Amino acid sequence: REPLITIKNYIHLISLDQQNDLNNHANSYFNRITKAADRMEKLIIGLLEYSRLSSPKQLSKIDCNKIINEILMDLNALIDSTKAEIITESLPIIKAYPLELKLLLQNLIANAIKFRKKEVRPIVTISACKINNGWQFRVHDNGIGIEEIYHEKIFSIFQKLHDPSEYEGTGIGLAHCRKIAEIHGGTIWVQSKINEFSSFYFTILTDNLWENQIVPYIPDNNHVAS
């Protein structure tokens with residue numbers, strides 16, 4: 001990230017030093033460069049986080065209700081600005097990797113709010129049910145929906161369905177979610193209807209693992225585009 005930070009710093013210094021001599025076109029160019037650098041920095045951070053998901057981790061007992069409360073505090077500004085309603089059913093205490101599970105749920109909740117319909121208050125419902133060897137979670141929204149042909153594609157890294165000017169993002173968040181579900185022995189999928197809803201499901205299959213178990217290193221076989 002350091003070369004990118006250097007570029008951003010010099011752009012800022014040039015803008016300040018030459019602010020009286022720059023015309024509207026030049027200012028527009030500098031703004032575009034700065035925004036592009038910001039997007040690149042977010043992308044680099046996302047890739048670093050994605051790569052770290054394969055490092056060894058310690059399993060522990062987690063109260064999912066507390067995890068959700070922490071996430072809602074972290075997303076407070078987004079929730080307030082969109083007037084989103086978050087409905088949380090009673091969630092279980094499970095065996096999981098704490099930071100990774102929080103990241104998975106936070107990504108899904110933030111997306112459910114972000115991909116909302118205009119002039120419609122976003123409503124997000126979080127629930128879970130017991131299944132063999134673990135739990136199945138659902139994050140349901142009343143947003144813009146996803147066409148069926150993209151239901152698998154969205155979980156691949158760098159896959160985005162919308163123009164960045166309309167919905168910001170790096171195209172890494174749902175790839176994170178898939179990888180996190182997989183290190184818990186589970187999977188993730190979506191059911192959706194355009195202009196009505198999206199329901200993201202994921203499974204955590206850790207009931208037969210013991211607490212404090214270390215997950216082995218999982219090599220990442222995905223090829224990342226340059």
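Three aromatic pairs are present in this structure, which is a predicted model. I shall describe two of them, and then a charge placed over a ring.

Let me begin with F137 and F202. Their rings are stacked, with 4.9 Å from centre to centre and 5° between the planes. Where in the chain do F137 and F202 lie? F137 belongs to strand β6, residues 134–141, while F202 belongs to strand β8, residues 197–204. The two phenylalanines are 65 residues apart, and their pair thus links distant parts of the chain. As to solvent, F137 has a relative accessible area of 1% and is buried. F202, with a relative accessible area of 0%, is buried as well.

I turn now to W189 and Y201. The ring centres of W189 and Y201 are 5.5 Å apart and the planes meet at 5°, so this pair is stacked. W189 is found in strand β7, residues 188–193, and Y201 in strand β8, so the pair ties together parts of the chain that are 12 residues apart in sequence. Which class of accessibility does each partner fall into, buried or partly exposed? W189 has a relative accessibility of 27% and therefore counts as partly exposed. Y201 has a relative accessibility of 13%; because the cut-off for buried is under 20%, Y201 counts as buried.

Strand β8 thus appears in both descriptions: F202 lies in this strand, and so does Y201.

Finally, the charge over a ring. Which residue lies over the face of W135? That residue is K130, at 5.8 Å from the centre of the tryptophan ring.

Note on methods:
Residues are numbered from 1 along each chain as its sequence is written. This is a predicted model: local features need pLDDT of at least 70, side-chain atom pairs count only at pLDDT 80 or more; totals for chains, interfaces and linings use all residues. Side-chain values use heavy atoms; hydrogens and water are left out. Rings of Phe, Tyr and Trp (its six-membered ring) pair if their centres lie within 6.5 Å; planes under 30 degrees apart count as stacked, over 60 as edge-to-face and the rest as tilted. Helices (H or I, at least four residues) and strands (E, at least two) are DSSP runs, numbered from the N terminus. Buried means under 20% relative accessible area, exposed over 50%, partly exposed in between (1.4 Å probe, protein chains only). A charge sits over a ring if NZ of Lys or CZ of Arg is within 6 Å of the ring centre and within 35 degrees of the ring normal.
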